[in-house]
Amino acid sequence: MEVLRPQLVRIGGRIYRKNPIQEQTYQHEEEEEDFYQGFMECAEEPCDGYEVVQTQQGFQCTVKAPSLLYKHIVGKRGDTKKKLEVETKTSISIPKPGQEGEIVITGQHRSGVISARTRIDVLLLTFRRKQPFTHFLSFFLNEVEVQERFLKFQEEVLEKCSMDHGVDSTIFQNPKKLHLTIGMLVLLNEQEIQQTCEMLKRCKEDFIDDIAGGKPLEVEMEGIEYMNDDPGMVDVLYAKVHMKDGSNRLQELVDRVLERFQASGLIMKEWTSVKLHATVMNTLLRKDPNAEGRYNSHTADGKYIFKERESFDGRNILKLFENFYFGTLKLNSIHISQRFSVDSFGNYASCGQIDFS
């Protein structure tokens, strides 16, 4: 991080600058546990930004957080929690590991409680962003006709292009898992899954019903494209998805869902628009049939994994199958799909959904 260009974090409409404070490291303990950030505010702390209750002992504020993130507030041997308490002159009560509950901040001064709450929020946000994705919003694209056409595509590609570098049967998607991703999610407990379900329901009430008209969206899956810049060194090949009537309704719908979830903080703001695509070939599948696109890049505890990939030469595939027709689908549901989990039909397990009709 450059001293003159520090990382900025937005919380509750305010912008905070993150200043790292170096601490002593201990052997045989996780590097993440050594993390502590001091925060220099860009403006005075808002007194009405959080719900602070006055008690007989002073002031109190509560923070809802999944138990998986408690350890980052506690820190090594409780060091982070102690430092927060000393610097803000507060007392911080955290539920025991594995127990869902609320973090409770108490102090004699309202400003100290608010300061502690702000720092805890930034810590939670920082370490949430280090967690691997657990779920994603999606449309299923695995209707029988599309699965059959996909298998036909695979058969013809292997028949005509198997001599091209890197092309073999292992890099094709499982037809039962064909889907269109709207956005990736980090949901760390049942409450957050329920929150996502409620958000989807509000999207349906606020704008999805108007866009879809209470009917499934009829789309076509047609044509192929590749993700990177070199058709001779391809890692991901995908099928394009568009409305059969030529309208922009599907794009409008998914973009508005993405915007709503980004505004709520459930999806990180990386893109302003959804790229409508269905992955059909992926080189990550070559060594791991359960790999999941470019998102399969972290361990369970959030550490980054570098995966070597053997790209394939897609030039002949793109030339011969540029306009391949995979079929027509009626999109009637948005699902909260769970990564690395399948249902009895072999598709991604769904933790919740909304239907258009």
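The paragraphs below walk through salt bridges in this predicted model.

In total, 15 salt bridges are counted. Two of the pairs described here sit within a single helix. In helix α2, which spans residues 79-88, K81 and E85 are 4 residues apart, or about one turn of the helix. Their side chains meet in a salt bridge, with an N to O distance of 3.1 Å. The two partners fall into separate accessibility classes: E85 has a relative accessible area of 17% and is buried, because the limit for that class is under 20%, whereas K81, at 22%, counts as partly exposed.

A second pair appears in helix α4 (residues 144-161), where K152 and E156 are likewise 4 residues apart and separated by about one helical turn. Here the closest N and O atoms of the salt bridge lie 3.7 Å apart. K152 is partly exposed, with a relative accessible area of 34%, while E156 is buried at 18% relative accessibility.

The next salt bridge reaches between helices. The side chains of D206 and R260 meet at 2.9 Å, N to O. This pair links distant parts of the chain, since D206 belongs to helix α5 (residues 190-212) and R260 to helix α6 (residues 249-264), with their positions 54 residues apart in the numbering. Both partners are partly exposed: D206 has a relative accessible area of 42%, and R260 has one of 26%.

Finally, salt bridges can also join into a group in this model: D168, R286 and E310 are linked in a network.

Technical notes: Residues are numbered from 1 along each chain as its sequence is written. This is a predicted model: local features need pLDDT of at least 70, side-chain atom pairs count only at pLDDT 80 or more; totals for chains, interfaces and linings use all residues. Side-chain values use heavy atoms; hydrogens and water are left out. A salt bridge is a side-chain nitrogen of Lys or Arg within 4 Å of a carboxyl oxygen of Asp or Glu. Buried means under 20% relative accessible area, exposed over 50%, partly exposed in between (1.4 Å probe, protein chains only).
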